[in-house]
Each structure stands twice: as C-alpha cells, then as structure tokens.
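Subject: Handing over the model

Hello,

Here is the structure I promised to pass on to you. My notes follow below it, and I hope they save you some time when you open it.

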Amino acid sequence: MNRKYRKTLIAGNWKMNKTPSETKAFMSELKGLLPKGRWCDIALCVPAVCIPAAVRAMRETRVGIGAENCNANPSGAYTGEISTSMLTDAGCKYVIVGHSERRAMGETDADVNAKALAALDAGLVPIICCGESLEQREAGITEEWITMQIKLALAGISEDKIRKIVIAYEPIWAIGTGRTATPEQAEEVCQHIRVVVRKLFGSKNARATTILYGGSMNEKNAYELLAQPDIDGGLIGGASLVPSKFVKIIEDANQPTA
Ligand code: PEP
C-alpha cells in the first residue's frame, strides 16, 4: 500500500451467495464490528437482488455497495441484464467487471472494456479484473497476458476518468482454491500493471491508481500481501462472507505504512 499517492480499498465479492434476508443480518453484524480507522475504503459487491437491502443497511456507514456485473447498453431488449444507471439509481458505487468467472461464461475483453466505459459514464467505480491461468503462468506468459487484458480493458478511457478506476489482479489459479499467490508473486504482477498504466496514462496517473490483489486472500494472509508497495487492497471472495474475517482484513489494511 502507499496511502500517500492512492486509496486503499478492501472489496468483497459475494458471488452467488446470500439472500436479501441474510444480507440484512450480515450488514447488521458487520456494522457492530467495523473499526473506527478511516484509512481504507470498503466495498461489498453483492448479488443484484441483495443491493437494496445492502444499501439500506449501510447508508450511514463508509461501506460502499457494488454490483458483481453490469450490461454496457443503456437500456433495451436484454432480458435478465442490469444497466449501470439502474445500479447507480439503486445506490451502488462500484461494479466488478471482467471477473474470471464471468469471462469463463463468455465475457470477452471487448465486453469488459464496454462495461468499464459504461460504468464510468454512469459515475460508478469499475473494479476491472485481470489474471492469468495456471497454464499461462507455467508457460511464462503472465506479463504478456496481463498487458493485453489491461490495454484492452482501458481502451478509450479518457485521462480525466482514469483515476476513477480500480484494477484487480486475480490469478485464476488462486481464486477460490485456497492457493494464494505469494506476496512476491502478487507484487510482481501488480507492479507490472502499474507500469502498463504508466505507459498508457503517464506516471502521475499510474501512481494514483488503486491496484488490488484477489485470490484466496483471507484474514491470515492479508497483512503480508497488503504490505507490498503496489498492492493497494484486496478483492475478497470467500472471506468476505464472514463479518469477522472481512473486518480482520480491513484492520490489516488500516495498518500504518511508510
Ligand atoms: C474473487 O471472487 O474475486 C476471489 C478472489 O475469491 P476468493 O477470495 O474466494 O479466492
């Protein structure tokens, strides 16, 4: 983390977990446990049907609610889809785009780019995910792959909007597997992402970009990961479903840094 230049963000991704009633109970427990420190931003990206309950529960807190996906079109015949203006109207601040689980369902780099642009236009913070598979890592093409994903995802984003994005590095082999990247592996790729952003948008913008690590981050390994200079927070799946575990990670993100 480097709080001098950029925001720290601890973001949860609930995936397809919890009902609206369970959301209400979770948020009430979370409120009781949240630390007083104000150093890091907190987001919870929840299933679409849980957004109203989450927004209502966290209205007076510093926890921003987010969606797990959006459609890039403003409106129309897209049965089952949700637009970015629907999300902002419902009270969302964030939206995850390009999660590997959605890419596995057919989301392309072009879709990720269109969603990121639509999110920015609507005033949402897109949490843009990238990450390599185990095969790509073992073939030694992680940097090339990440470079391509980031360049395609950020295409057409204007200079004045680039500081509103968050990038999440999530190696696919570490998501939901309990196999976390080592702090050194995670830092290496997050640092590389910053280099890519610098080449595209200049050093001041790169220095100000919040880059998260995601992939089996939990209450036991977060401290070491967050101590890395280019890891500005976490995108957390499993551990964000348990208030005490999520809060422990927030506390670790509130640690003093140089
Ligand atoms: C995720 O869903 O983005 C994620 C990182 O999941 P987990 O923390 O469970 O690996």
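Let me start at the ligand, where a polar backbone atom of Gly176 sits 2.6 Å from one of the ligand's oxygen atoms. Of the 290 Å² of accessible area that the ligand has on its own, the protein covers 95%. Please keep in mind throughout that this is a predicted model.

The ligand and its surroundings

The shell around the ligand is made of 14 residues, and the closest of them are Lys15, Glu170, Gly176, Ser216 and Gly237. Sorted by character, the shell has eight polar residues, four nonpolar ones and two charged ones.

Two side chains are worth displaying alongside Gly176. His99 places a polar side-chain atom 2.9 Å from an oxygen atom of the ligand. Asn13 has a side-chain N or O atom 3.1 Å from a ligand oxygen.

Asn13 deserves a second look. Asn13 belongs to strand S1, and its relative accessibility is 5%, so it counts as buried. Besides the ligand contact, a polar atom of the Asn13 side chain lies 3.1 Å from the backbone nitrogen of Lys15. That gives the Asn13 side chain a polar partner in Lys15, a residue that is itself among the closest to the ligand.

The loop after S1

Lys15 is found in the loop between S1 and H1, and its phi is near 55°, a positive value in a residue other than glycine. Most residues other than glycine have a negative phi. Which other residue should you check in this loop? Lys18 also lies between S1 and H1, and its phi, near 80°, is positive too although the residue is not glycine. With a relative accessibility of 26%, Lys18 counts as partly exposed.

The loop also takes part in an aromatic pair; the structure holds two such pairs. How are the rings of Trp14 and Phe26 arranged? Their centres are 4.8 Å apart and their planes meet at 80°, so the pair is edge-to-face. Trp14 comes from the loop between S1 and helix H1 (20-33), while Phe26 is in helix H1 and twelve residues away, so to speak of the pair is to speak of a link between distant parts of the chain. Trp14 and Phe26 are both buried.

The strands

Strand S8 (residues 233-236) is a good place to centre the view. Gly233 and Leu235 point one way from S8, Gly234 and Ile236 point the other way, and all of them are buried. In a regular strand the side chains alternate between the two faces of the sheet.

Which strands pair with S8? Strand S1 (residues 8-13) runs parallel to S8 and is joined to it by four bridges. In that pairing, Ile10 stands opposite Gly234. Strand S7 (residues 210-214) also pairs with S8 in the parallel sense, over two bridges, and there Gly214 has Leu235 as its bridge partner.

Strand S4 (residues 94-97) can be read in a similar way. Tyr94 and Ile96 lie on one side, Val95 and Val97 on the other, and all four are buried, which leaves both faces of S4 covered. Strand S3 (residues 63-67) pairs with S4 in the parallel sense over two bridges, with Ala67 and Val95 as bridge partners.

Two more residues

Is Arg103 buried or exposed? Arg103 is in helix H4 (residues 100-103), and its relative accessible area is 18%; the limit for buried is under 20%, so Arg103 counts as buried. A polar atom of its side chain lies 2.9 Å from the backbone oxygen of Gly98.

Leu117 is placed in helix H5 (residues 109-122). Its relative accessible area is 28%, so Leu117 is partly exposed. The C-alpha atoms of Leu117 and Lys161 are separated by 9.3 Å, with the two positions 44 residues apart along the chain.

If you have only a few minutes, I would begin with Asn13, whose side chain has polar atoms 3.1 Å from a ligand oxygen and 3.1 Å from the backbone nitrogen of Lys15. From there you can follow S1 across to S8, its parallel neighbour.

Happy viewing, and best wishes

Note on methods: Residues numbered from 1 in each chain as written. Predicted model: local features only at pLDDT ≥ 70, side-chain atom pairs only at ≥ 80, totals over all residues. Heavy atoms only, no water. Near = heavy atom within 4 Å. Polar contact = N/O pair within 3.5 Å; in protein donor to acceptor, adjacent residues only side chain to side chain. Areas by Shrake-Rupley, 256 points an atom, 1.4 Å probe, with all protein chains shown as cover. Nonpolar A, V, L, I, M, F, W, Y, C, P; charged D, E, K, R; others polar. Buried < 20%, exposed > 50% of the residue type's maximum accessible area, 1.4 Å probe, protein only. Pairing = 2+ DSSP bridges. Phe/Tyr/Trp six-rings, centres within 6.5 Å; stacked < 30°, edge-to-face > 60°.
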